[in-house]
Amino acid sequence: MTDALPQMEETAGGKGLARTAGALAGLKVIDLTRVLGGPYCTMILSDHGAEVIKIEPPQGDEVREWGPPFQGDAASYFIGVNRNKKSIALDLGKPAGREVLLRLLEDADVLVENFKPGSMEKWGLGYEEVLSQRFPKLVHCRVSGFGATGPRGGLPGYDAIIQAMVGLMSINGTPETAPVRMGTPIVDLATGLYSTIGILMALQERAKSGRGQYVDMTLHDCGMALLHPQAANFLLNDKRPKATGNPHPNIAPYSAFKTATCEIFVACGNDPAFRKFCAFLGLEGLPDDPRFRTNGDRVTNRDALAAILEQRLAQEDGHDLSDRLLAAGLPAGPVLNVDEALSQPHTAHREMVTELDGFRALGTPIKLSRTPGGTRARPPAFNQHGDEVLQQHGFSAEEIAALKTDGILVEKKR
């Protein structure tokens, strides 16, 4: 880790802002990632105090163009996962660009990249042969589609393709639909989360051994890790899991039900909760029905149970009923649209929408009592910190000017 702690940005106010240097203050991360999985990982680290230097290719991170909507020349897709970072644009395809990268790595703790497997090795920057020898404390995290080895090693991977290939799409939708892509890029996001965990594990181990290591993260593995309980069910009963729509495959009632005003989702995870739920609705005799006495009975007879519950709930105001159920200790909630969820008072209370100088995004869900994280700076413009980063790493004004002249330090996207 570097000795200097990152300075918190002075602001007149905002929402969901960092109020301390953060749990990861002093950690330096070189971020070569683009698109979503890698940038999501490095944003999590930056929210909690890591200094993240985002090195963009000459054409920029492509998600800068993934809009509308746009703010200035940056699309929402970029804005949502790149706050708190410094941007420098380097042409790593040229030897001089790779030499700059090596100088930036001299005091770095973590390198995160998502190049196609073999690219770093082709450039003479492979972990085993070069980086681990030159920087023995470096934690090198690679995010790829399938990894470097195996039948699909080295092949490209994308969120939706992995959703299809690992079975996630097959369990999404209803029995009447074909497999459906999940609306959020769940594999990319999960890969970012798992990558963060892997990096922190490697740093924890480094504190004992003094040595860095290689963290091999793939969309394939992370997507497959999300197959619970369907994979667990299949590995026990050898029956192919199917899409069930809203109902849970192993629990009932655990689904959405129509009311007079909206759908609500009810989750009764055990028999006592079901009895309490039925008593709340004035259906005290329902748990004694042989079809519904145990969770296994209810799963077997879920359609009959759903018909009874929907008839009972049809006259209720779903929003009011959900509040009353929650107050009684029963898990239930209205099915909200994204705009409704973002505007909820509890969302504001938990600082899950962060704002700073016209920038708005989802806040950090990681709430630490002594070292809370949050927004420190707006997402950077392309190469916004190029000169600053190089100066901090000992480059002279003449060296920086030469790098610009030679097209190594890229000032405008190509």
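**An exposed tyrosine, a covered helix and two unbonded cysteines**

Y158 is exposed, with a relative accessible area of 58%. In this predicted model, Y158 sits in the loop that runs between β7 (139–144) and α6 (159–166). Together with I161 and M165, Y158 makes up a nonpolar patch on the surface, and the three residues share about 330 Å² of accessible area.

A view of the whole chain helps to place this patch. The protein has 414 residues, of which 47% count as buried. Its secondary structure comprises 17 helices and 13 strands. Measured out along the principal axes, the C-alpha atoms fill a box of roughly 85 × 55 × 45 Å. The protein exposes about 20700 Å², and carbon and sulfur atoms supply 54% of that area. Among contacts with a separation of 6 or more, 67% are between residues 24 or more positions apart.

Helix α1 (residues 37–47) offers a contrasting environment to that of Y158: the helix is mostly covered, with 10 of its 11 residues buried. The buried set consists of G37, G38, P39, C41, T42, M43, I44, L45, S46 and D47. What do these residues pack against? Their partners are the strands β1 (28–31), β2 (51–56) and β6 (110–113), along with helix α7 (186–209). After α1 comes G49, which has a positive phi, near 105 degrees.

One of the buried residues of α1, C41, leads on to the matter of disulfides. How far is the sulfur of C41 from the closest cysteine sulfur? The closest one belongs to C141 and lies 5.6 Å away, which is too far for a bond, because a disulfide requires the two sulfur atoms to be within 2.5 Å. C141, for its part, is in no disulfide, the nearest cysteine sulfur being that of C41. Both cysteines are nevertheless covered: C41 counts as buried at 0% relative accessibility, and C141 likewise counts as buried at 0%. For the protein, the count of disulfides comes to zero.

Aromatic side chains were examined next. Searching the whole structure gives four aromatic pairs. In one of them, the ring centres of W66 and Y77 are 5.0 Å apart and the planes meet at 75 degrees, so this pair is edge-to-face. W66 belongs to the loop between β2 and β3 (70–71), whereas Y77 is in helix α2 (residues 76–79); the pair thus links distant parts of the chain, 11 residues apart. Neither ring belongs to a buried residue, as W66 is partly exposed at 42% relative accessibility and Y77 is partly exposed at 30%. F115 and W123 form another edge-to-face pair, with 5.1 Å from centre to centre and 80 degrees between the planes. Here F115 counts as buried, at 16% relative accessibility.

A last site of interest is Q230, a residue of helix α9 (residues 230–237). Is Q230 buried or exposed? With a relative accessible area of 13%, Q230 is buried, because the buried class covers values under 20%. Apart from neighbours within four places in sequence, the residues in contact with Q230 are I171, P241 and P249.

Terms used:
Residues numbered from 1 in each chain as written. Predicted model: local features only at pLDDT ≥ 70, side-chain atom pairs only at ≥ 80, totals over all residues. Heavy atoms only, no water. Helix = DSSP H or I, 4+ residues; strand = E, 2+ residues; numbered from the N terminus. Buried < 20%, exposed > 50% of the residue type's maximum accessible area, 1.4 Å probe, protein only. Contact = heavy atoms within 4.5 Å. Patch = residues over 30% accessible without salt bridge, like charges linked within 9 Å, V, L, I, M, F, W, Y side chains within 5 Å. Areas by Shrake-Rupley, 256 points an atom, 1.4 Å probe, with all protein chains shown as cover. Salt bridge = Lys/Arg side-chain N within 4 Å of Asp/Glu carboxyl O. Phe/Tyr/Trp six-rings, centres within 6.5 Å; stacked < 30°, edge-to-face > 60°.
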